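Visitor: I should like to go through this structure in order, beginning with its sheet. Please show it first.

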Amino acid sequence: MANFSSMLPQLLLGEDLEKALTCLPQYNREEIKTLSASERLLKLTDIYRIFIPTSMTYEIYQKLYTMVSMSLRQKGNIDSIKQMNANYKWAHGGEFHGVVTGASSSTIIGNSGIGKTSAIQYAIGLLGPILETEKPYHKVIPVLMVSCPFDSNYKGLLCQILISIDEILGTNYYERSEKSHMNAQQVLGMACQLCHLYVGTLIIDEIQFIVEHRAGKQLYLMILQLINTSCISVLLVGTSECIYFFRQAPQIARRSVGLEYGPMDFGNDFKKLCQTLFNYQYVAKDSALTDSLVYWLYEHSGGISASLVSLIHDAQEIAIMKGKEILGIETLTEAYNSRLKMLHGYTTGSITKLQTSTHKDKVESAFATFKQTKSIDVDVSIADIVAKAKRDMADVMTRLREHITIEVIPC
């Protein structure tokens, strides 16, 4: 019997894993400076291709590798054949009698925008392509990733699984299921058989949709049946809205134990990401990243990597389009106020989190530097801000808060 788990690429650790997961688009600062504004605007989109692994990324990779390896060890043995026969009888109206042990399910739960899906996709890339044996001829997909249907329709999820298998293996199982007018149990039975035969680990993304629809519990029970019948590892990925749903019953909670993440702490991972993003400047004038600016970025991104990338991208876009040509506090503030309005309510807790983080000593140092800074941008001073506010008959404190942090101490 083929040992598919031994065909996986070697498990990476340390510097080898960091190098394999890092994605840095090609960039030449001197060449960028020679390009026109329109060309630099187009090049600016390369920022969205940057990927810097964090401790979350490493954990997800190791978790996924373990699940795939465990699932692949179940394929091709005698118990696997017995399980397929039991699945066939169950799909055609018989009682289900499980045979193979070792099927597992787990979850990855975290805030939207922290990079869960990107981390998973990069981890999948390291697990290699289709595994294939000649004698007997057999193909196995190490990881199959689908999305939970927005309406929590269980047949929609099963169709996604069949279609994805067909696209990768070049088969026509979905077409056969549609033409033969199978009932729901038979379609589920077919999906279970195909996963048992051809899939190492099934990942279902956007699982929070089960919370937002009344059919969610029915879909989740179907997923449990899929886990028990296919005997493969299943990984559920979603946002924190899922937590209450998974805790409502012990049989659901037991199947939903896994990894849980929130926004990034004000630490080395966040600072490294800020520095990397600042190294990709497409404006005409160079600017440096200071400790006070790192603090400002954390405060206005809430520690969410997607918000941080959008903030720096949009600030440069505004700087190029308006001819300011510098990435500084002025363009960053304008980007935050005009482009990220919808996210303002989600960043209010970042200051408290920052001040109570495990890096408190470093944070206090950065905070002190920030408060002592009278002019973050060489072109903007407190006197200029106050004078402009008076001319516009605007509130001075409001204008100052757009550029610096003002701490109000109650009397």
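Guide: Two strands pair if DSSP finds at least two bridges between them. The model discussed here is predicted.

Visitor: What is the order of the strands in the open sheet?

Guide: The sheet is open and its pairing is mixed. Its edge strands, β2 (131-133) and β6, each pair on one side only. The twist averages 15 degrees from one strand to the next. Read across its 6 strands, the order is β2-β3-β4-β5-β1-β6.

Visitor: Which residue of β6 stands opposite Gly-110?

Guide: Strand β1 covers residues 105-110, and β1 and β6 pair in the parallel sense over 4 bridges. Opposite Gly-110, in β6, stands Tyr-261.

Visitor: What angle does the direction of α4 make with that of β4?

Guide: Helix α4 packs on the sheet, where it touches β1, β2, β3 (138-147), β4 (199-205), β5 (233-238) and β6. With the direction of β4, that of α4 makes an angle of about 135 degrees.

Visitor: Which strands does helix α7 lie across?

Guide: Helix α7 spans residues 154-169 and runs at about 135 degrees to β3. The strands it lies across are β3 and β4.

Visitor: Which helix gives the largest share of the lining of the largest pocket?

Guide: The largest pocket has a volume of about 700 Å³. Of its 33 lining residues, the closest to the centre are Thr-54, Met-56, Ile-114, Met-264 and Ser-305. Elements that each supply at least two lining residues include α4 (55-72), α6 (116-126) and α16 (305-321). The largest share, 5 residues, comes from α14.

Visitor: How many residues of that lining are charged?

Guide: The lining of the largest pocket has 16 nonpolar and 11 polar residues. The number of charged residues in it is 6.

Visitor: Over which residues does pLDDT stay under 50?

Guide: The chain averages a pLDDT of 83, and 78% of the residues score at least 70. Where pLDDT is low, the predicted coordinates should not be read in detail. The stretch under 50, for which the model has 37 contacts beyond four places in sequence, is residues 355-378.

Methods
Residues numbered from 1 in each chain as written. Predicted model: local features only at pLDDT ≥ 70, side-chain atom pairs only at ≥ 80, totals over all residues. Heavy atoms only, no water. pLDDT = per-residue confidence, 0-100. Contact = heavy atoms within 4.5 Å. 1 Å grid on protein atoms, 1.4 Å probe; cavity = no way out; pocket = protein on both sides within 12 Å on 5 of 7 lines; lining within 4 Å. Points joined across faces, edges and corners; volume = space filled by probe spheres on them. Nonpolar A, V, L, I, M, F, W, Y, C, P; charged D, E, K, R; others polar. Axes fitted to C-alpha atoms, helices over the stretch in contact; angles between N-to-C directions.
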